[in-house]
Amino acid sequence: MKPSKILLSCFFILLYVSNPVLGQEVKFPWPEGKKMALSLSFDDARASNPTHGIPLLDQYGIRATFFVVPQSVQNNLEGWRKAVASGHEMANHSIVHPCSGNFVWSRNKALENYTLDKMRTELLQANFEIENLLGVKPTVYAYPCGQMYVGRGPYAQSLVPLISELFVAGRGWLAEAPVDPLYTDMAQLTGIEMDNKSFDQIKAYIDQAAANGQWLVLAGHETNDSGRQTTYLETLRQLAAYVNNPENGIWVAPIGEIADYVQATRKAMADTVNMPQLVRAAADGTLHLTAENGRGVGPRIEYMPDWRAFGWFTGKDQVEWEVDAPHSGTYQAVMEWSVSDEESGKGFVFESSTDGIKGRVERSGSWETFKTLSIGKLKLQGGYNKLVFRPEEDFGSVGALLDLKQITLIPLF
Ligand SMILES: [Zn+2]
């Protein structure tokens with residue numbers, strides 16, 4: 001450990017828990033130190049929602065998200081308008097609720113026969129009709145039947161990019177894991193079934209989400225004492241009482257509200273959180289391999305948020321990046337690093353599966369001074385590449401290699 005760095009940034013030291021094998025785990029900061037977030041959602045604008053479910057939720061002061069189909073809203077327009085007035089979120093669940101033709105009732109509106117442009121038109125139409133009926137414009141979507149495609153076989157296409165373009169968030173169905181707020185694709189929020197369950201069954205998911213600082217998104221349909229596809233009122237009562245106990249540390253809010261918070265928080269944290277992910281080329285073809293998107297592998301490799309760099313503490317430490325290269329070809333590799341004069345001069349290797357660069361870590365002046373320099377040329381194959389930066393020789397567990405902020409790969413073709 002470099003002593004000059006220990007005292008910096010108490011805030012982040014509190015947030016970061018070092019894990020030498022998997023890299024570092026980051027706790028997502030929910031508001032007011034809450035342990036987790038919870039959204040209750042109900043699909044299809046079922047008749048029992050305005051008559052039973054919503055009055056019960058109102059009694060406990062809990063606001064939920066309702067993924068409505070405009071035609072069903074018209075069956076009880078007054079009831080749904082009341083729901084809006086008490087703060088519930090009205091969200092998009094399409095116009096005609098198209099699902100796979102494997103559901104016989106959906107054979108004439110099967111997703112297998114949809115195209116993306118037809119879906120886009122209908123989603124915008126649903127937004128328009130909901131806004132006309134209820135005066136609010138939906139910002140989140142729930143995939144009918146949780147199905148995220150149109151077309152079949154060689155013509156199948158994902159709906160996710162379209163939902164990502166039109167909405168802040170999209171919710172699936174029948175998932176098994178809560179949403180991880182730092183990792184999740186906002187257009188593929190996991191929705192966990194709340195129908196026909198006791199509170200104890202729901203509580204298992206709450207415990208899991210609370211233990212991991214996650215966002216539990218529950219999904220149901222009817223709200224009544226019994227029946228199929230029904231969230232039981234007794235379950236809702238117990239759930240509401242548990243959620244409203246401040247000791248349990250649960251932030252309960254509609255999906256759109258929590259999604260906005262998650263987006264904004266992620267944006268604010270983006271530069272200081274190590275979240276390994278596939279590196280895609282910028283518009284000019286450049287690949288930015290940063291300390292934030294790389295994966296530390298080794299006994300003591302450490303992402304240091306206050307420096308936005310990886311620090312090496314043993315000769316077995318290394319960093320890996322997964323890269324999607326738009327084309328095969330040669331790239332100029334430019335490295336940004338710092339090192340003390342005493343530790344400088346060790347050999348490094350930066351390699352793909354077919355090519356590599358070897359060099360010496362040149363002096364930067366001090367650990368606090370970062371320097372940027374070309375280190376050579378590297379061939380990449382088009383598509384997936386795994387790139388590794390490591391010491392050329394294992395220098396043991398005393399000493400450091402460098403602090404590595406980023407390597408930029410500039411296409412030379
Ligand atoms: Zn539905």
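**Strand 3 and its surroundings**

On strand 3, Met 36, Leu 38, Leu 40 and Phe 42 point to one side, Ala 37, Ser 39, Ser 41 and Asp 43 point to the other, and all of these residues are buried. The strand covers residues 36-43, and because eight of its eight residues are buried, the rest of the structure largely encloses it. The model described here is predicted.

The protein chain is divided into domain 1, residues 34-268, and domain 2, residues 274-411. The centres of the two domains, taken over C-alpha atoms, are separated by 42 Å.

Strand 3 has several pairing partners. With strand 14 (residues 250-252) strand 3 pairs in the parallel sense over three bridges, and Ala 37 stands opposite Trp 251 of strand 14. Strand 11 (residues 215-220) also runs parallel to strand 3, and six bridges join the two. Within this pairing, Phe 42 has Gly 220 as its bridge partner in strand 11, while Ser 41 stands opposite Ala 219. Strand 4 (residues 65-68) is a further parallel partner, joined to strand 3 by three bridges. Here Asp 43 stands opposite Phe 67 in strand 4. Between strand 3 and strand 4 the chain passes through helix 2 (residues 48-59), and this β-α-β crossover is right-handed.

The loop between strand 3 and helix 2 contains Ala 45. Most residues other than glycine have a negative phi. Ala 45 is not a glycine, yet its phi is positive, about 55 degrees. The residue counts as buried because it has 25 C-beta neighbours inside 10 Å, where 20 or more are needed.

Next comes helix 2 itself. At 1.5 Å a residue its twelve residues should span 16 Å, and the end C-alpha atoms are 16 Å apart, in agreement. Its buried residues are Asn 49, Pro 50, Gly 53, Ile 54 and Leu 57. Seen down the helix axis, these buried residues fall within an arc of 120 degrees, so they line one face of helix 2. They pack against strand 3 and strand 4, the two strands of the crossover, and also against helix 4 (77-85), strand 12 (222-224) and helix 8 (233-244). Helix 2 is followed by Gly 61, which has a positive phi near 65 degrees.

Strand 11 can be read in the way strand 3 was. Six of the six residues of strand 11 are buried, so the rest of the structure largely encloses this strand too. Trp 215, Val 217 and Ala 219 lie on one side and Leu 216, Leu 218 and Gly 220 on the other; both faces are covered. Besides strand 3, strand 11 pairs with strand 10 (residues 192-193), in the parallel sense and over two bridges. Glu 193 of strand 10 has Ala 219 as its bridge partner in strand 11. The chain goes from strand 10 through helix 7 (residues 199-212) to strand 11, and this β-α-β crossover is right-handed.

Leu 174 is found earlier in the chain, in the loop between strand 9 and strand 10. Its phi is near 60 degrees, a positive value in a residue other than glycine. Is Leu 174 buried or exposed? With 11 C-beta neighbours inside 10 Å, Leu 174 counts as exposed, since the limit for that class is 12 or fewer. Ala 45, by contrast, counts as buried.

Helix 9 (residues 255-269) also packs against the strands described above. The 15 residues of helix 9 should span 21 Å at 1.5 Å a residue, and its end C-alpha atoms are 21 Å apart, which agrees. Ile 255, Gly 256, Glu 257, Ile 258, Ala 259 and Val 262 are buried in this helix. The buried residues of helix 9 pack against strand 3, strand 4 and strand 11, and also against strand 5 (89-92), strand 6 (140-142) and strand 9 (169-171).

Met 269 belongs to helix 9 as well. This residue counts as partly exposed because it has 18 C-beta neighbours inside 10 Å. The C-alpha atoms of Met 269 and Leu 182 are separated by 9.4 Å, although the two residues are 87 residues apart along the chain.

Definitions and conventions. Residues are numbered from 1 along each chain as its sequence is written. This is a predicted model: local features need pLDDT of at least 70, side-chain atom pairs count only at pLDDT 80 or more; totals for chains, interfaces and linings use all residues. Domain bounds come from an automatic or database domain assignment. Helices (H or I, at least four residues) and strands (E, at least two) are DSSP runs, numbered from the N terminus. Two strands pair if DSSP finds at least two bridges between them. A crossover is right-handed if, with the strands pointing away from the viewer, the path from the first strand over the helix to the second runs clockwise. The expected span of a helix is 1.5 Å times one less than its number of residues. The arc is that of the directions from the helix axis to the C-beta atoms. Two residues are in contact if their C-beta atoms, placed from the backbone, lie within 7 Å.
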